[in-house]
Amino acid sequence: MSIELESFRTKVRAFAESEIAPHAAKIDRDDEFPADMWKKIGDAKLMGITIPKAYGGEELSYFHHVIAVEELSRASGSAGFAYAANSNICIDNLYKHANEEQRKKYLPKLISGEHVGALAMSEPDAGSDVIGSMSCFAEKKGNNWVANGTKRWITNGPYANTLIVYMRTAAKETGSKSITAFIIEKGMPGFTQGTKKDKLGMRGAGNCELYFENCEIPDSQVLGEVNQGVKLLMNGLDSERLILCGGPLGIMQAALDVVIPYCQEREQFGQAIGNFQMVQAKIAEMYTRMEASRAMVYRLGANFKDHPNRNRDAAAACLFSSESSTSVSLDAIQLLGGRGYMNEEIPGRLLRDSKIYEIGGGTNEIRKMIIARDLLSRKK
Ligand SMILES: Cc1cc2nc3c(=O)[nH]c(=O)nc-3n(C[C@H](O)[C@H](O)[C@H](O)COP(=O)(O)OP(=O)(O)OC[C@H]3O[C@@H](n4cnc5c(N)ncnc54)[C@H](O)[C@@H]3O)c2cc1C
């Protein structure tokens, strides 16, 4: 890793340790972020990492962005997760596909942390088969589109100001050219943001349903081209997978941060438990899983633009790092013994936060399909 990237990491770590980590337990317990968290992340210049300076961004790489998610997630899994949903999934996609007027209107406030963003694809009946089963429909009427339908489990949904929302805009039979992305604003007539769902982990990060009831969307809110939404969706998925991998990396590091001092200090049978070979084996396995995940993710991050098997390897990095994070968090619980099972301790939160990375942004079963299909499609 370059000296420049290491110094970027040091800067983000200092911010995460002082501004996020002290609130992590409370965020989890109360299911609420501190009110000024988004603004502070914006002031730390982390919201627009990959966006040109003209819109308030930093013009850095996706590799920088992974490191930022990793360090924020080390401090608080849910802060890292909500941050990634805003900075990559909303902001980066918006920049890539918006016209100049839209970029100028939406990006500066999202990047400063004044506004929060979200992206909505999933629906009650459209999860893994999100394109084939999407039923939210927007119909062109004059200069407007009239939208109806429900989106489900949208991260940052309850409080987002700006949302990228995918809608079907032509008959399903038209195939992949029947979906359009729209920029939706909080408060548009006919658009309602649901109340926050009570979740297993990633508490603080709000998830909710979004309701469209004869919502009139001006034509100027189309993101990209009409009926080209699938292209946009596919275009964003690889970088989304890469950036999300920072979450499991940070959570695994947080697990080791807890476990190592504990195993040095906790004594049984007259000595530190870290002296026992079975404890050492667990620590070694935790570390190896974390470093193997890092190697996969960083290799992809370092060469993201020109990576020859980006789609397959982004899915593989997500698959391996998410499973590793769940496994490492379980090991952390085990190594703390009874304390590991207490909600007042950190490892339980790490386990609950880890699990979403096996589901969100496409499940691990779908990732396995992507990897195997790519390998099997090669010519003999
Ligand atoms: C906390 C959280 C945050 C989220 N944030 C967002 C967001 O911001 N925006 C958004 O659009 N969506 C979001 N989602 C939705 C998420 O992307 C979906 O939950 C995910 O894609 C899976 O869809 P599903 O839940 O409908 O599961 P289903 O598709 O119903 O799958 C159920 C099970 O069946 C398996 N399965 C399905 N199809 C196959 C197959 N062909 N082969 C093998 N197994 C299969 C799945 O792997 C899974 O184990 C979020 C979800 C959660 C829980």
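These legends walk you through several close-up views of one predicted model. Residues are numbered from 1 along each chain as its sequence is written. Because the model is predicted, local features need pLDDT of at least 70 and side-chain atom pairs count only at pLDDT 80 or more, while totals for chains, interfaces and linings use all residues.

**View 1. The shell around the ligand.** Here you meet the 22 residues around the ligand, of which Ser122, Gly127, Ser128, Thr363 and Glu365 come nearest (a residue is near a molecule if its C-beta atom, placed from the backbone, lies within 6 Å of it). Domain 2 (119–227) and domain 3 (245–376) each give the shell at least three residues; domain bounds come from an automatic or database domain assignment. At least two residues each come from strand 1 (117–120), strand 3 (144–155) and helix 13 (364–376). Helices (H or I, at least four residues) and strands (E, at least two) are DSSP runs, numbered from the N terminus.

**View 2. Helix 4, residues 62–75.** So much of this helix is enclosed by the rest of the structure because 13 of its 14 residues are buried (20 or more other C-beta atoms within 10 Å of a residue's own, with C-beta atoms placed from the backbone).

**View 3. Strand 5 and its partners.** Six of the seven residues of strand 5 (179–185) are buried. Strand 4 (residues 162–168) runs antiparallel to strand 5, joined by seven bridges, and Ile164 stands opposite Ile183. Two bridges join strand 5 to strand 8 (residues 222–223), also antiparallel, with Ala181 partnered by Leu223. Two strands pair if DSSP finds at least two bridges between them.

Methods
Buried ≥ 20, exposed ≤ 12 C-beta atoms within 10 Å, placed from the backbone.
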